[in-house]
Amino acid sequence: MSSTPSAATTPVANRGAITACIILAVIMQALDTTIANVALPYIQGSVAASADQINWVLTSYIVAAAIMTPPSGFLSQKFGRKRVLLVAIVGFVVASVLCGLAQSLTQIVGFRLLQGLFGAALVPLSQGILLDIYSVEERGSAMALFGVSVMVGPVLGPVIGGWLTENISWRWVFYINVPIGVLAFAGISIFVKETRIDAQAKLDWFGFGMLSLGIASLQLFLDRGGQLDWFSSGEIIIEAIVCASAFYLLLIHTLTTEKSFINPRLFLDQNFTVSMLFIFVVGVTYLASLALMTPYLQSLMGYPVITAGIVMGPRGLGTMVCMFVVGRLIGKIDTRILLFTGLAITAWAMYDMTGWTPDVSQWTIISVGFVQGAGLGFLFVPLTTIAFATLPADMRGDGTGLYNLSRNVGSSVGIAVVAALLVENTQANHEAIASYVTPFNHAFQAPAAAGLDPMTAVGRASLDSIVTLQATIIAYMDDFKLLMLMSLAVMPLVFLLRKPKAPPAIDHSAVME
């Protein structure tokens with residue numbers, strides 16, 4: 001194999017072309033985390049699914065992506081990073097077309113699983129390429145571009161998905177991946193060089209199996225717990241036991257096996273370990289808040305699908321602007337200060353959202369959304385940079401896979417938890433408020449309460465509607481408060497991060513031909 005120029009001498013035009021192709025591939029994968037959300041009611045009608053069943057269209061994709069993210073390092077080592085990336089793009093595009101052609105719930109869930117399996121490798125392998133072709137000094141700006149593609153995708157998803165669903169068909173939320181995938185495939189085929197291949201590399205099947213089983217059972221536990229009243233259901237008890245057992249066996253196996261699926265040496269790096277916790281919380285707070293905002297705007301405030309997407313758009317703009325700004329500040333300002341600032345901004349945005357009602361103005365939604373996006377911009381770039389700043393180059397492949405796994409699991413856990421709490425808190429709040437609705441409450445005898453007489457069927461129906469609305473509003477407030485508290489809770493972790501003493505070595509073999 002012949003050597004290609006290192007990151008420091010790689011032509012700028014080449015690096016620009018590689019970066020553009022990589023970003024296309026990442027955006028394609030990131031869009032699909034949310035682009036199908038707004039189309040769910042239309043998909044539900046087409047495949048004759050219940051409200052509970054249709055959620056599998058979302059969760060099947062997230063679970064499959066989470067399971068297949070960690071093996072991406074092994075696959076690139078065994079078969080070559082460029083080859084794996086190209087196969088992932090082709091598989092993702094084919095699975096997307098099959099999703100669009102699906103005629104039943106079983107088909108679309110199966111094809112979404114396939115889509116998640118292929119798409120999982122796109123983010124960590126793309127991140128690894130950018131880390132290798134840019135010098136340490138330029139890495140902050142490179143991670144800013146990468147971060148924009150990863151985090152803005154979920155924001156643009158509802159906007160694009162809403163427009164396609166209303167104006168063409170829900171099937172086009174999947175077909176749109178075809179032109180993006182073709183461009184990414186062509187660019188990567190031309191500009192990206194292959195890495196060294198280790199034909200002797202082996203996969204720890206037991207460790208991989210335990211991790212996959214643990215993640216899948218955890219997602220089932222969280223998704224179905226609320227529907228089945230948690231531990232009063234035998235199914236939930238079994239899923240909890242399987243999840244705990246799988247993770248316990250994975251831990252023991254990792255600590256006692258010479259070459260385990262998860263390299264335990266990764267966790268000896270303090271920055272990487274703390275960053276894993278950080279990115280988990282970022283995944284929880286960011287995508288969970290997006291999952292809450294879509295039904296809040298459409299159900300409580302009565303916004304059309306496209307309007308809701310447009311109102312949420314500035315959130316992505318705030319992320320984009322701050323990522324570029326922070327990318328320039330990396331190396332000039334202590335990374336820990338930037339992280340602390342991002343957490344503080346995020347917590348403030350969530351605090352403001354705890355006071356929202358359906359009467360909140362569009363300007364407030366836009367401005368607070370922009371601020372929340374800005375907070376993410378202060379988090380993602382410094383966090384990605386410091387996570388790998390002290391990690392040896394030979395462990396970077398495994399590190400990027402595990403790092404992105406933590407973000408994916410955080411996202412799926414966050415969405416499941418806030419959805420379950422929203423239902424449970426709405427019921428609890430409804431019961432608490434309804435206790436004041438009695439014929440003996442003098443408030444219902446006032447002239448302003450005409451039509452709300454608890455003694456009449458019409459009055460009871462009107463009162464139930466009002467109580468349900470108020471209970472739902474309070475439940476949303478509770479969820480936003482939980483996300484705020486999570487942002488505040490991880491602030492002390494900033495002080496555990498260490499400033500790198502010297503730039504880490506760059507693995508120039510990553511651009512070997």
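**Exercise 1. Identify the contacts of Asp 32 beyond its neighbours within four places in sequence, and decide whether Asp 32 is buried or exposed.**

*Solution.* Step 1. With neighbours up to four places away left aside, Asp 32 is in contact with Tyr 61, Phe 92, Arg 112, Gln 115, Phe 174 and Asn 177. The model from which these contacts are computed is a predicted one.

Step 2. Asp 32 sits in the loop between helix H1 (12-31) and helix H2 (40-47).

Step 3. The relative accessibility of Asp 32 is 0%, so this residue counts as buried.

Step 4. One of the contacts, Gln 115, is 83 residues from Asp 32 along the chain, while the two C-alpha atoms are separated by 9.2 Å.

**Exercise 2. Describe the overall make-up of the protein in terms of helices, strands and burial.**

*Solution.* Step 1. The protein contains 19 helices and zero strands.

Step 2. Of its 513 residues, 54% are buried.

Step 3. Consider contacts between residues at least 6 apart in sequence: 83% of them join residues at least 24 apart.

Step 4. The accessible surface amounts to about 21,400 Å², and carbon and sulfur atoms account for 68% of that area.

**Exercise 3. Locate the largest nonpolar core and state which helix contributes the largest share of it.**

*Solution.* Step 1. The largest nonpolar core comprises 120 residues, and Phe 278, Leu 297 and Ile 365 have the most contacts inside it.

Step 2. Helix H14 (residues 270-300) supplies the largest share of this core, 17 residues.

Step 3. A second core, separate from the former, has 18 residues, including Ala 36, Leu 40, Leu 105 and Trp 170.

Step 4. Returning to Leu 297, its contacts beyond four places in sequence are Gly 302, Tyr 303, Ala 308, Val 311, Met 312 and Ile 365.

**Exercise 4. Characterise the surroundings of Ile 108.**

*Solution.* Step 1. Ile 108 belongs to helix H7 (residues 105-119).

Step 2. Its relative accessible area is 0%, and Ile 108 is therefore buried.

Step 3. Not counting residues up to four places away, Ile 108 touches Ile 43, Val 57, Cys 99, Ala 102, Trp 170 and Phe 174.

Step 4. Leu 98 lies ten residues from Ile 108 along the chain, and their C-alpha atoms are 7.8 Å apart.

**Exercise 5. Check the end-to-end span of helix H17 against expectation, and assess how far the helix is enclosed.**

*Solution.* Step 1. Helix H17 (residues 362-387) has 26 residues, which at 1.5 Å a residue should span 38 Å.

Step 2. The C-alpha atoms at its ends are 37 Å apart, in agreement with that expectation.

Step 3. Because 19 of the 26 residues of H17 are buried, this helix is largely enclosed by the rest of the structure.

**Exercise 6. Analyse the two salt bridges of the structure.**

*Solution.* Step 1. In the pair formed by Arg 83 and Glu 194, the closest N and O atoms are 3.8 Å apart.

Step 2. Arg 83 lies in helix H6 (residues 81-101), whereas Glu 194 lies in the loop between helix H11 (177-191) and helix H12 (205-225), so this pair ties together parts that are 111 residues apart in sequence.

Step 3. Arg 83 is partly exposed at 43% relative accessible area, whereas Glu 194 counts as buried at 16%. The cut-off for burial is under 20%.

Step 4. The other pair joins Arg 336 to Asp 334, with the closest N and O atoms 2.7 Å apart. Arg 336 is partly exposed at 26%, and Asp 334 is partly exposed at 21%.

**Exercise 7. Determine where Leu 497 lies and what Leu 497 contacts.**

*Solution.* Step 1. Leu 497 occurs in the segment after helix H19 (457-489).

Step 2. With 1% relative accessibility, Leu 497 counts as buried.

Step 3. Beyond its neighbours within four places in sequence, Leu 497 contacts Asn 271, Val 274, Ser 275, Phe 278, Arg 336, Leu 339 and Ile 386.

Step 4. Leu 497 and Arg 336 are 161 residues apart in sequence, yet 7.1 Å apart from C-alpha to C-alpha.

**Exercise 8. Describe the nonpolar patch on the surface.**

*Solution.* Step 1. The patch consists of Leu 317, Met 320, Val 321, Phe 324, Val 325 and Phe 370, which together have about 470 Å² of accessible area.

Step 2. Five residues, the largest share of the patch, come from helix H15 (residues 305-329).

Step 3. Met 320 lies in helix H15 and is partly exposed, with a relative accessible area of 30%.

Terms used. Residues are numbered from 1 along each chain as its sequence is written. This is a predicted model: local features need pLDDT of at least 70, side-chain atom pairs count only at pLDDT 80 or more; totals for chains, interfaces and linings use all residues. Side-chain values use heavy atoms; hydrogens and water are left out. A nonpolar core is a set of buried Ala, Val, Leu, Ile, Met, Phe, Trp, Tyr and Cys residues joined through side-chain atoms within 4.5 Å. Buried means under 20% relative accessible area, exposed over 50%, partly exposed in between (1.4 Å probe, protein chains only). Helices (H or I, at least four residues) and strands (E, at least two) are DSSP runs, numbered from the N terminus. Contact means heavy atoms within 4.5 Å. Accessible areas come from the Shrake-Rupley method with a 1.4 Å probe; for residues, only the protein chains shown count as cover. The expected span of a helix is 1.5 Å times one less than its number of residues. Patches are made of residues with over 30% relative accessible area and no salt bridge: like charges are joined within 9 Å, nonpolar side chains (Val, Leu, Ile, Met, Phe, Trp, Tyr) within 5 Å. A salt bridge is a side-chain nitrogen of Lys or Arg within 4 Å of a carboxyl oxygen of Asp or Glu.
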